[in-house]
Amino acid sequence: MRITDTSDLWYKNTLFYCLDVENYLDTDGDGVGDFAGLAQRVDYLAELGVTCLWLMPFYPSPGLDDGYDVSDMYGVAPRLGTHGDVVELIRTAHDRGIRVIIDLVVNHTSDRHPWFRRARRSKNNPYRDFYVWRSDPPPDTSDQVVFPDEEDSIWEYDKRTEEWYLHHFYSHQPDLNTANPKVRDAIAKTMGFWLQVGVDGFRVDAVPYFLGDAGMSDRQQHDFSEPHAYLRALRQFLQRRNGNAILLGEVNLPYADQLDFFGGQDGDELTMQFDFVGNQHCYLAMAREDARPLAEALAARPTISPDSQFATFLRSHDELTLDKLTEAERQEVFDAFGPAEEMQLFGRGLKRRLPPMLDGDPRRLKMAYSLLLSLPGTPVLFYGEEIGMGERLDLPGRTAVRTPMQWSRGKNGGFSQAPPRKLVTPLVEGAFGPEHVNAADARRDEDSLLHHITRLAQRYRECPELGWGTFELLDQPHVPVLAHRVTWDEAAMVLLHNLGAHPAVVPLTFEDEEPGTELVDLLQAGRCRLDADRHVELTLDGYGYRWLRITRDGDIRLV
């Protein structure tokens, strides 16, 4: 297969970049980022190497859950701009070769959504069945709540109609009744609308919840016996409207269950899913300086359809959840990266960004992002990661990592000209504040994390085998070292990462290669050859990393 054959599955070799419009750049001085500001930074994103922009919710919302409490699925929050501004942003991004996906929040709405306001007027209102109700007192469901520090049940009593409604998240976010065909039609219309506006797909929020069986006994008037049939129908609708569009799903489940949400080997449900298992074991590996937990997680990934893909990430817009680790393993990560109670969230995760967790150590940070971009799958960056932004621990919950982008040392970090008290979120302070960490300074520093990630992104785009190849762990004796190979048709690469502080000499043998075959460094000058025994020894600094292309006679690839 030629490199040009990969363009129809663009998502297998892209670099995703997630941001919240309200925290990116403010152009009208009201203290809130806007679409006009984001459009001004599209060239910055293109220069970084971003090829797909993921926008967090920008819909009208009461703002009680950072926009995930949607009150109008077709709208644009006025403080962020207009539909015209969204279209202009998409046009500008497409002009630079950047696709745009948006959050699709269909598990729940805000309790201020017109549907729910009508639903709670009476038990026979036409919109009543858009949500899930019960007339008898619910059992104890405290073990099912997503936010145990703020909710103690997934059922909330409604005084007006004297029934309880289902909500897996906050009580102000009633769950939609996805068993209702009218709700499913409404969701499809929402997708169709935004596809017509020009988006290239959706990041689908909380997928297992709107397909789950909680509350299904209250939906007996509808057949929802095969919820995955509904997910397949969504994918089919998407492909009919735009054959290149994707569904990137949030499915924080064990690998075996994730395979079901891909649609098994048919790959006809979600196009992509986040690899939460790999992410959490990566942090355990970094905490121990022992690559084995990550290696074991990667080896346990199920075989998926060639048209499906995992999304790899180090941080996201949520807390760094550690729920797939054992209690003892979770404590190891807490001890290494978040020992203070204020750094932890819900007892299961961390409300921190990576640079403070690694004490700002540039060696470990550069190794970590080299690892991210070289793991099998498609990498996802969260805004500010590329410059090494930190968090603000005095802010509640996940807001700690959703602070304004730091563009310069100037007023409000170059984010806004508004008085600081009017900013949508306070800026990070201290060693990771904008006077020390900002994009302007990083662009002028050739040794910065920004330039490092930009170089990695360029190499990543030149190496389709990273997104397409077959993954293979390589035997070697060093516990802190992850050595793996990716092979795609005739192309192959060897990736080495040292999670430990001490240098290592890594011996490798390639029985399937000819003596004299070259391994060419892609991140620095250098090359080496396999000896007569097909053996080579590769040096790694402490927290070092190397990308090497296996190059044979007649190979025309750029090295």
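## A tour of cavities, pockets and helix pairs

By class, 8 nonpolar, 3 polar and 2 charged residues make up the lining of the largest cavity. The model on screen is a predicted one, and this cavity is the starting point of the tour.

**Stop 1: the largest cavity.** Select Gly 278, Asn 279, Thr 312, Phe 313 and Leu 375; of the 13 residues in the lining, these lie nearest the centre of the largest cavity. Now colour the elements that give two or more residues to this lining: α9 (276-288), α10 (292-300), β10 (309-313) and α13. Of these, α9 supplies the largest share of the lining, 3 residues. The volume of the largest cavity is about 90 Å³. Over the whole structure, a search finds 4 cavities of 30 Å³ or more.

**Stop 2: the second largest cavity.** Keep Phe 313 selected, since this residue also appears in the lining of the second largest cavity. Add Trp 54, Arg 203, Glu 250, Phe 274, Phe 276, Ser 316, His 317 and Asp 318 to complete that lining. The space enclosed has a volume of about 50 Å³. Sorted by class, its lining has 4 nonpolar, 2 polar and 3 charged residues.

**Stop 3: α9 against α10.** Go back to two of the elements from the first stop and show α9 and α10 alone. Their axes lie 7 Å apart and the helices pack at an angle of about 160°. That angle makes α9 roughly antiparallel to α10. In passing α10, α9 makes a left-handed crossing. To see the contact, select Val 277, Gly 278, His 281, Cys 282, Leu 284, Ala 285 and Arg 288 on α9, then Pro 293, Leu 294 and Ala 297 on α10. The residues of this contact comprise 7 nonpolar, 2 polar and 1 charged. Gly 278 in this contact is also one of the residues nearest the centre of the largest cavity.

**Stop 4: α13 against α15.** Another contributor to the lining of the largest cavity is α13. Select helix α13 (residues 362-374) together with helix α15 (residues 449-462); their axes come within 10 Å and cross at roughly 20°. This makes α13 roughly parallel to α15. The crossing of α13 past α15 is right-handed. On the α13 side, pick out Leu 365, Lys 366, Tyr 369, Ser 370 and Leu 373; on the α15 side they meet Leu 449, His 452, Ile 453, Leu 456, Ala 457 and Tyr 460. Classed by type, the residues of this contact are 8 nonpolar, 2 polar and 1 charged.

**Stop 5: the largest pocket.** Move on to the open spaces. The largest pocket has a volume of about 820 Å³. Select Val 146, Phe 169, Ala 206, Tyr 209 and Asn 252, the closest to its centre among the 34 residues in the lining. Two elements, α6 (207-211) and α7 (227-241), give two or more residues to this lining. The most comes from α6, with 3 residues. The lining of the largest pocket is made up of 14 nonpolar, 8 polar and 12 charged residues.

**Stop 6: α5 against α7.** Hold α7 on screen and add helix α5 (residues 181-197). The axes of α5 and α7 come within 10 Å and cross at roughly 30°. The two helices are therefore roughly parallel to each other. Their crossing is right-handed. The contact residues to select on α5 are Arg 184, Ile 187, Ala 188, Met 191, Gly 192 and Leu 195, and those on α7 are Tyr 230, Leu 234, Phe 237, Leu 238 and Arg 241. Their classes are 8 nonpolar, 1 polar and 2 charged.

**Stop 7: the second largest pocket.** Select Gly 63, Leu 64, Asp 65, Asp 66 and Thr 399. These lie nearest the centre of the second largest pocket, which is lined by 33 residues. Its volume is about 650 Å³. The lining divides into 16 nonpolar, 8 polar and 9 charged residues.

**Stop 8: two loop residues.** Finish with the backbone. Select Phe 346, in the loop between β12 (344-345) and β13 (349-350). Its phi is near 60°, a positive value in a residue other than glycine. Then go to Tyr 543, in the loop between β21 (535-540) and β22 (545-551). Here phi is near 55°, again positive in a residue other than glycine.

Note on methods: Residues are numbered from 1 along each chain as its sequence is written. This is a predicted model: local features need pLDDT of at least 70, side-chain atom pairs count only at pLDDT 80 or more; totals for chains, interfaces and linings use all residues. Side-chain values use heavy atoms; hydrogens and water are left out. Axes are lines fitted to C-alpha atoms, for helices over the stretch in contact, and angles run from 0 to 180 degrees between N-to-C directions. Helices (H or I, at least four residues) and strands (E, at least two) are DSSP runs, numbered from the N terminus. Angles under 35 degrees count as roughly parallel, over 145 as roughly antiparallel, 65 to 115 as roughly perpendicular and the rest as oblique. A crossing is left-handed if the near helix is turned anticlockwise from the far one by less than a right angle, and right-handed if clockwise. Contact means heavy atoms within 4.5 Å. Ala, Val, Leu, Ile, Met, Phe, Trp, Tyr, Cys and Pro count as nonpolar, Asp, Glu, Lys and Arg as charged, and the others, Gly among them, as polar. On a 1 Å grid over the protein atoms alone, a cavity is a set of points where a 1.4 Å probe fits but cannot get out, and a pocket is an open set with protein on both sides within 12 Å along at least five of seven lines; lining residues have an atom within 4 Å of a point. Grid points are joined across faces, edges and corners, and a volume is the space filled by probe spheres set on the points.
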